[in-house]
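Visitor: I would like to go through this structure term by term. For each label, please set the value against the rule behind it.

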Amino acid sequence: MKRQMQSRSIGRKDKTFLAMLLPIMILFFLFNTLPLLQGFAYSFTNFRGFGSYNFVGLRNYVNLFQDDRIGHSYQFTFLVAIVTTIIVNVISLVLAIGLNSKIRFKSTLRGIYFIPAVLGGLVIGYIFNFFFTYILPAFGQAVGSATLSSSFLSNPQLAWIAVVIVVAWQSIAMNTIIYISGLQTVPQDVYEAGALDGATGWKKFKNLTLPLIMPFVTINMVLCMKNFLMVFDQIMSLTKGGPAQSTESISYLIYNNGLGGGQFGYQSANAVIFFVIIVIISLLQLKFLGSKEEQL
Amino acid sequence: MNTDRSVNRVRRRTNWPITILMIIGCVTIFFPLYMTVIIAFKKPSEMTNDILGALQPPAHWSLSNFSEAMKVTNFGQTLGYSILITLCTVVLSVIIHSLAGYAVGRNMARKKFYKFAYFYMLSGMFVPFAILMMPEVKQAALLHLANWGGVIILYVVFFMPMNMLLYVGYLKNIPMALEEAAYVDGAGVWSTFWHVIFPNMMPMHATVAVLTALSAWNDVMTPLVMMGGSGANTLPLAQLNFQSQFSTNYNLAFASYLLALIPILIFYLICQKQIINGVVNGAIK
């Protein structure tokens with residue numbers, strides 16, 4: 001009798017849990033899975049975003065691999081993502097070590113270095129746009145440097161550097177804070193024991209600090225890479241893909257040509273490829289997250 | 001003995017060279033902000049071609065650029081939309097995502113369906129907005145959601161995987177005994193959630209609120225594709241849409257940029273500790 005009551009109450013609990021979860025799952029399906037499936041379906045059509053369209057099989061995918069503009073956008077996006085990931089992680093780690101050492105005004109300084117992380121990428125892009133268009137060339141002329149005298153943003157060879165600088169300026173803030181919390185997990189007595197063995201300076205960093213915070217390095221690298229591959233805001237405000245289409249990121253191209261350029265179906269195919277790449281990187285991320293959990 | 005003392009001394013002494021280097025490094029943070037403030041307060045006639053001229057403080061600190069920028073970008077209404085969207089997203093996210101986290105986290109060990117639900121919704125982390133964007137524009141037009149309401153729905157769905165992951169992780173720290181006590185007292189699942197679990201998840205609510213608010217406030221892409229044609233703007237979207245009206249009047253443009261940055265800067269100044277803690281919690285969990 002008692003067991004029966006208990007099982008009935010478990011049954012009622014299950015119903016309540018289902019009533020909590022199902023609407024949320026339906027919402028998730030409607031606004032995440034369904035559009036994903038639709039995007040996948042559109043990728044096999046020649047839909048322009050309006051009007052009628054036909055099924056074209058794999059033609060979009062075949063064309064993608066022969067399209068120079070698409071190829072260049074992947075090249076540009078990966079170049080920016082890889083270079084920025086390296087720059088951001090090196091500078092963040094140096095800053096984190098500095099901000100974690102025995103300095104004065106520690107919390108104020110940490111607060112200041114974090115400011116870029118709370119600001120929006122678009123507006124920061126506009127501010128740097130002015131900097132690259134007017135301030136830096138004026139500085140270049142003043143010091144007589146030919147490279148700096150003309151704007152980075154109007155030079156197809158150099159515009160990507162401006163994108164790297166702006167994206168890095170913002171991302172360093174977040175990564176520094178994550179590295180600081182990583183450095184705080186290293187117990188002080190490790191350093192004290194190391195100091196007795198003569199491990200100081202670079203040796204201390206290479207042999208003690210770096211191996212101990214390695215999980216943070218890998219997770220930061222993967223997160224950076226994933227975020228930077230999706231770069232969009234800074235492209236919108238810095239270059240709008242120019243000059244001469246030299247700074248079109250994958251997201252920017254999908255947005256610009258897919259929604260405005262009549263390539264809805266074609267860019268859907270591009271988005272599917274992009275999705276596969278992000279999935280691979282996210283799987284790496286989960287793998288690193290899992291291995292870190294075991295260690296800590 | 002000797003080494004002991006030197007270790008102690010090292011621990012206490014302030015490292016001034018690094019302190020000074022770190023202070024100098026702040027220039028890289030402040031320079032763009034300084035530039036923004038200076039240009040925002042100047043008149044176009046004060047802008048000269050050499051750097052010193054452009055970066056000099058204005059002769060008169062005038063607010064006229066700001067009042068005009070407010071008029072051009074419809075600042076009051078735009079700020080209103082940004083606050084409305086961010087607040088609704090945060091409140092709905094905290095409620096819906098903690099509910100999802102609770103339902104999934106407490107049942108996935110015994111029931112396959114919840115485990116499936118967990119991994120199904122977690123897989124949303126893998127989906128870049130770029131692939132959803134185009135079908136979602138079609139969908140929004142169909143459902144009459146091409147407005148701020150649609151943006152909020154998309155945010156709640158888009159931030160769900162990450163936030164649910166955080167809540168499920170945090171739930172492991174809340175002992176089952178608390179809930180069982182409530183059940184013994186005759187409380188149902190709902191009232192147990194509201195009276196026992198929800199208040200106990202406070203630290204994670206703070207983290208989720210901070211992460212969600214920052215992402216929603218600064219996002220451009222979602223409002224751009226969802227409410228681009230609705231005439232309403234969020235703060236970043238207004239900067240994008242009114243670029244052409246600023247044309248070459250950089251002082252007006254920078255006044256507008258500064259206006260767009262000030263709300264989040266004030267918020268950061270007030271809740272600096274909570275924001276940094278929230279971001280760190282979210283990132284290393």
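Guide: Helices here are DSSP runs of H or I with at least four residues, and strands are runs of E with at least two. This is a predicted model, and chain A has 12 helices and zero strands.

Visitor: What pattern does chain A follow along the sequence?

Guide: Chain A reads α-α-α-α-α-α-α-α-α-α-α-α. Chain B likewise has zero strands, with 17 helices.

Visitor: How do you know how chain A compares with a compact globule?

Guide: The rule for a globule is 2.2 Å times the number of residues to the power 0.38. For 296 residues that gives a radius of gyration near 19 Å, but chain A has 25 Å. Its C-alpha trace spans about 75 × 65 × 30 Å along the principal axes.

Visitor: What radius of gyration does chain B have, against a compact globule of 285 residues?

Guide: Chain B has 25 Å, where the globule would have a value near 19 Å. The C-alpha atoms of chain B fill a box of roughly 80 × 75 × 35 Å along the principal axes.

Visitor: What makes a residue count as buried, and what share of each chain does?

Guide: The cut-off is 20 or more other C-beta atoms within 10 Å of the residue's own. By that count 40% of the 296 residues of chain A are buried, and 43% of the 285 residues of chain B.

Visitor: Why is Gln245(B) called partly exposed?

Guide: Exposed means 12 or fewer neighbours, and buried means 20 or more. Gln245(B) has 13 C-beta neighbours inside 10 Å, so it counts as partly exposed. Gln245(B) sits in helix α15 (residues 243–246) of chain B. From Asn163(B), Gln245(B) is 82 residues away in sequence and 39 Å away in space, C-alpha to C-alpha.

Visitor: Which values describe two packed helices?

Guide: The angle between their axes and the distance between the axes. For helix α5 (residues 75–107) and helix α9 (residues 160–171) of chain B, the angle is about 55° and the axes are 8 Å apart.

Visitor: Why is α5(B) called oblique to α9(B)?

Guide: Roughly parallel needs an angle under 35 degrees, roughly perpendicular takes 65 to 115, and roughly antiparallel is over 145. The angle of about 55° is in none of these ranges, so α5(B) is oblique to α9(B). The crossing is right-handed.

Visitor: Which residues make that contact between α5(B) and α9(B)?

Guide: On α5(B) they include Ser93(B), His97(B), Tyr102(B) and Arg106(B); on α9(B), Asn163(B), Tyr167(B) and Leu171(B) are among them. By class, the contact of α5(B) with α9(B) has eight nonpolar, six polar and one charged.

Visitor: At what angle does α5(B) pack with helix α8 (residues 148–158) of chain B?

Guide: The angle is about 35°, with the axes 9 Å apart. Here too α5(B) passes in a right-handed crossing. Among the residues in contact are Leu84(B), Ile85(B) and Leu92(B) of α5(B), with Trp148(B) and Tyr155(B) of α8(B). The classes are 11 nonpolar, two polar and no charged residues.

Visitor: How many residues does each chain bring to the contact between chain A and chain B?

Guide: Chain B gives 68 residues and chain A gives 72. The side of chain B that touches chain A divides into 52 nonpolar, 13 polar and three charged.

Key: Residues are numbered from 1 along each chain as its sequence is written. Chains are lettered from A and ligands numbered from 1 in the order in which they are written. This is a predicted model: local features need pLDDT of at least 70, side-chain atom pairs count only at pLDDT 80 or more; totals for chains, interfaces and linings use all residues. Axes are lines fitted to C-alpha atoms, for helices over the stretch in contact, and angles run from 0 to 180 degrees between N-to-C directions. A crossing is left-handed if the near helix is turned anticlockwise from the far one by less than a right angle, and right-handed if clockwise. Two residues are in contact if their C-beta atoms, placed from the backbone, lie within 7 Å. Ala, Val, Leu, Ile, Met, Phe, Trp, Tyr, Cys and Pro count as nonpolar, Asp, Glu, Lys and Arg as charged, and the others, Gly among them, as polar.
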